[in-house]
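Trainee: I am new to this structure and would like a close look at one part of it. Please explain how that part is put together, and then how it is connected to the rest.

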Amino acid sequence: MVNASLREGRLLPSQKHAVVTPLLKKSGLDADELKNYRPVSNLTFMSKLVERAVASRLTHYLNAHGLMPQLQSAYRRHHSTETALLKVLSDIYTAIDRQQVILLGLLDLSAAFDCVDHSILLHRLRTKFGICGSALAWIASFWNGRVQQVFHRGRLSEKLQLCSSRVCLRPYSFPAVYG
């Protein structure tokens, strides 16, 4: 099934249906305040399996062709926020040793991937990383036609079609749940 999906360059619509369950971040928080919830998105087992296979193949391709940025920490084996922090600290200590001025600017990019323009990303994957054909078609298919429903208090909302050029979900924007 994984190989057929990749060969055909598409992910089946049944694998693009997520059920989002809002869970309280901590017990005791006010259940009427949306900010106290975190959304947990559940996809099918097969969807997660195909996604993992694609991530593995893509990472292998990027590493084999020297396309992975050297200082990339996220989504990379043996790299983490800890290794990124160690690199920053090492650079700071080196600058101090050289009596250089240090300026550290920090940005919160935790939700940056939630609003990536897909057409720009697909263009860069093709032109800068050489990803084309069914592989590129599969990535485009991965985003298109996604739907979600919210399961809350024992009820399931109607399906919500996610926009195809951008995924712009806000963590606390839950559609109405109908009985």
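Mentor: Let us take strand β3, beginning with its partner β4 (residues 155-156), to which β3 is joined in the antiparallel sense by two bridges. Strands (E, at least two residues) and helices (H or I, at least four) are DSSP runs, numbered from the N terminus, and two strands pair if DSSP finds at least two bridges between them. The model is predicted, so local features need pLDDT of at least 70 and side-chain atom pairs pLDDT 80 or more, while totals for chains, interfaces and linings use all residues. Numbering starts from 1 along each chain as its sequence is written, and side-chain values use heavy atoms, without hydrogens and water.

One bridge between these two strands sets His-152 against Arg-155 in β4. Together β3 and β4 form a hairpin with two residues between them. Arg-153, in the turn, has a positive phi of about 55 degrees.

This Arg-153 also reaches beyond the hairpin, since it forms a salt bridge (a side-chain nitrogen of Lys or Arg within 4 Å of a carboxyl oxygen of Asp or Glu). Its partner is Asp-32, and the closest N and O atoms are 4.0 Å apart. Because Arg-153 lies in the loop between β3 and β4 and Asp-32 in the loop between β1 and β2 (37-42), the pair ties together parts that are 121 residues apart in sequence. Are these two residues buried or exposed? Arg-153 is exposed, at 61% relative accessibility, and Asp-32 is exposed as well, with a relative accessible area of 64%. Here exposed means over 50%, buried under 20%, and partly exposed in between (1.4 Å probe, protein chains only). Salt bridges in the whole structure number four.

Strand β3 (residues 147-152) has further partners. It runs parallel to strand β1 (residues 17-24), to which four bridges join it. In this pairing His-17 stands opposite Val-147 of β3. With strand β5 (residues 160-161), β3 pairs in the antiparallel sense over two bridges, and there Gln-148 faces Leu-160 of β5.

How does this part fit into the whole? The protein has five helices and five strands, and from the N terminus on its elements run α-β-β-α-α-α-α-β-β-β. Of the contacts (heavy atoms within 4.5 Å) with a separation of 6 or more, 53% are between residues 24 or more positions apart.

Trp-143, in helix α5, lies 8.8 Å from Cys-163, C-alpha to C-alpha, although 20 residues separate them in sequence. Trp-143 is buried, with a relative accessible area of 8%. Leaving aside residues up to four places away in sequence, Trp-143 touches His-118, Leu-121 and Leu-122.

Leu-122 also belongs to the largest nonpolar core, which has 15 residues; such a core is a set of buried Ala, Val, Leu, Ile, Met, Phe, Trp, Tyr and Cys residues joined through side-chain atoms within 4.5 Å. Along with Leu-122, the members that touch the most others are Val-50, Leu-125, Trp-138 and Ile-139. Helices α1 (2-8), α2 (45-64), α4 (118-127) and α5 (133-143) each supply at least two of the core residues, and α5 gives the largest share, with six. Ile-139 touches Leu-122, Leu-125 and Ile-131, again not counting residues up to four places away in sequence. Over the entire protein of 179 residues, 23% count as buried.
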